[in-house]
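Biologist: Please take a close look at one strand in this model and at the strands beside it. What does each one pair with, and how is the chain routed between them?

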Amino acid sequence: MKILVLGGSRFLGRTFVEEALAENHEVTVFNRGNQNKGLKDVEFITGDRFGDLKELENRYWDAVLDTSGFIPFTVQNSTQVLKDRVNQYTFISSISVYKDWIPVNLDETYPVLEMTLEKANELTKDVNGPVYEYYGHFKALCERIASQNLPGRTLNIRAGQLIGPNDYTDRIPYWVHRISKGGKVLAPGNPERRVQLIDNQDLSNWILSMMKNQAAGTYNATGPDYSLTMKQFLDACIKITGSNAELVWADEKFLADQGVAPWTEMPLYVPENYPISPDVEQPWKGTFSINIDKAVSSGLTFRPLEESIADIYAWEKTRTLSADDWKSGMQEEKERALLELIQNK
């Protein structure tokens with residue numbers, strides 16, 4: 001296939017490009033050219049989807065992967081330009097499009113957040129505005145725009161927590177790094193609480209197969225296809241890193257009383273018995289039980305978790321971050337203080 005990737009230089013996009021090249025597809029990458037170092041054997045088109053898309057005109061591709069679409073008017077522009085130049089358009093969306101994660105086992109029919117294009121355009125007039133507050137709203141609107149402009153040819157992938165090398169969110173790298181340092185490690189909530197995540201390689205290979213079949217529709221894509229607990233995830237980190245880490249589990253009430261922020265300070269942690277934030281009324285019990293039957297039935301498979309962690313650990317060892325550089329995870333001093341509190345209870 002001839003594949004156009006919008007973005008393609010950072011995280012999922014980079015992995016997708018590598019997997020596509022491994023299958024001998026012809027790949028064109030359209031981005032600003034800031035982070036393309038290391039990408040080889042691809043055609044680069046330098047441009048900014050916030051501006052002129054002229055370079056995409058008078059060209060034709062079998063499929064498009066849009067990894068960078070988030071601001072609705074940019075997806076409106078790209079789909080308008082490409083609707084007569086591609087056979088299939090894959091848009092990387094998010095499970096954040098759902099209005100909440102309260103019910104267990106929610107599927108693709110669950111209601112999503114609503115917003116008009118006019119409202120989104122108003123909110124995004126200033127690029128420095130509070131756009132990430134509306135991440136789920138924007139992604140849901142982008143899905144709708146793409147599907148309207150390429151009816152029957154749009155594949156909307158509602159991805160869960162992505163994992164793999166080059167993870168600029170630092171969520172999973174935090175746990176791999178922290179576990180590798182050993183000693184007592186503060187672990188959040190119920191050890192048997194389920195978690196969901198998906199390796200970029202698995203997602204990329206599945207998307208490629210869906211592109212070959214010119215698949216359309218909406219699919220939840222997280223994993224794995226078995227019940228993975230937080231303890232199993234952290235134990236796998238211990239095994240792969242060869243660490244002497246000792247997990248010290250803090251219950252949800254303790255974490256709430258100490259003001260520990262779910263997801264940011266404790267990646268992969270969303271409380272089961274408390275609302276995630278003051279503006280939420282009910283606990284989001286369904287956070288890590290998103291139904292993926294539709295994707296699995298269409299061929300989504302999962303490599304062993306330990307292989308994924310090994311890849312992340314190998315990449316993590318190439319980085320040198322200061323304590324202030326981490327985008328996710330708990331500061332060392334705070335973790336130490338909380339561990340002392342638990343010990344003295």
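Modeller: In this predicted model, Lys-2 has its bridge partner in β2, namely Glu-26. A strand here is a DSSP run of E with at least two residues, a helix is a run of H or I with at least four, and both are numbered from the N terminus. Residues are numbered from 1 along each chain as its sequence is written, and side-chain values use heavy atoms, with hydrogens and water left out. Local features need pLDDT of at least 70 and side-chain atom pairs count only at pLDDT 80 or more, while totals for chains, interfaces and linings use all residues.

The strand in question is β1, residues 2-6. Five bridges link β1 to β2, residues 26-31, in the parallel sense; two strands count as paired if DSSP finds at least two bridges between them. Between β1 and β2 the chain passes through helix α1, residues 12-22, and this β-α-β crossover is right-handed. That is, with the strands pointing away from the viewer, the path from the first strand over the helix to the second runs clockwise.

β1 also pairs with β4, residues 61-66. These two run parallel and are joined by four bridges. Here Ile-3 of β1 is matched with Ala-63, its bridge partner in β4.

β2 in turn pairs with β3, residues 43-46, again through four bridges and in parallel. The bridge partner of Thr-28 in β3 is Glu-43. Put together, β1 is bridged to β2 and to β4, and β2 is bridged to β3.

Next comes burial. Four of the five residues of β1 are buried, so the strand is mostly covered (buried means under 20% relative accessible area, exposed over 50%, partly exposed in between, with a 1.4 Å probe and protein chains only). β2 is largely enclosed by the rest of the structure, because five of its six residues are buried. For the whole protein of 345 residues, 52% count as buried.

As for the setting, the protein has eleven helices and 13 strands. Its C-alpha atoms fill a box of roughly 70 × 40 × 40 Å along the principal axes. The radius of gyration is 21 Å, which agrees with the value near 20 Å for a compact globule of 345 residues; the radius is taken over C-alpha atoms, and the globule rule is 2.2 Å times the number of residues to the power 0.38.
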